[in-house]
Amino acid sequence: LTDYQLFQAFSYPELAYTMYYGTKQVFSCNAVSGASNCKSYTIPSGDWNVVSISDRSEARFTSNGVGFTANLDPDPFYDSRAGRNRQYIRIHPARSNGTNGCIGLRANKAQLIRARDLIRNSLKKGLTIKLYVQIGGN
């Protein structure tokens, strides 16, 4: 079985993050990626894998009392839009209206706990977690 996650843009910078188990939708919330300054780019469109998850307490990875980072692969990678290698692109709670290229989940406490637990439990079961990113214009 594959635990498939779909990250789909509706409009920049507000995006929707949706998780599927097979073809069944099991989670959805608003999300952000990138910021308005030129040094912070959105995560590039493409295929990624979620490879690990960690509890975090730093403010930049915490919202509504829930903190975690889900690490993505490939890492590092070359971003042709930025013209440089990038790394440390993750899924985590968003504490503001932007991120430094990560996927920031804009959700309430219960939703963040559900997202974290779905990712953690899937990885514990040895399931492959694929992430598909589609952002208009990139």
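## Two tucked-away cysteines

Let's start with cysteine 29: its relative accessibility is 6%, so it counts as buried (under 20% relative accessible area, with exposed being over 50% and partly exposed in between, using a 1.4 Å probe and protein chains only). Cysteine 102 is buried too, at 7%. As for disulfides (pairs of cysteine sulfur atoms within 2.5 Å), the structure has zero.

## Where these values come from

This is a predicted model, where local features need pLDDT of at least 70 and side-chain atom pairs count only at pLDDT 80 or more, while totals for chains, interfaces and linings use all residues. Residues are numbered from 1 along each chain as its sequence is written, and side-chain values use heavy atoms, leaving out hydrogens and water.

## Strands and a helix

The chain has one helix and 11 strands (DSSP runs numbered from the N terminus: H or I of at least four residues for helices, E of at least two for strands). Follow the sequence and you get β-β-β-β-β-β-β-β-β-β-α-β.

## What sits inside

Out of 138 residues in the chain, 44% are buried. The largest nonpolar core (buried Ala, Val, Leu, Ile, Met, Phe, Trp, Tyr and Cys residues joined through side-chain atoms within 4.5 Å) has 28 residues, and Tyr17, Ile91, Leu105 and Leu131 touch the most other members. Among the elements that each supply at least two residues of this core are strand S2 (15-21), helix H1 (109-124) and strand S11 (128-134). In soluble globular proteins, nonpolar side chains tend to be buried together.
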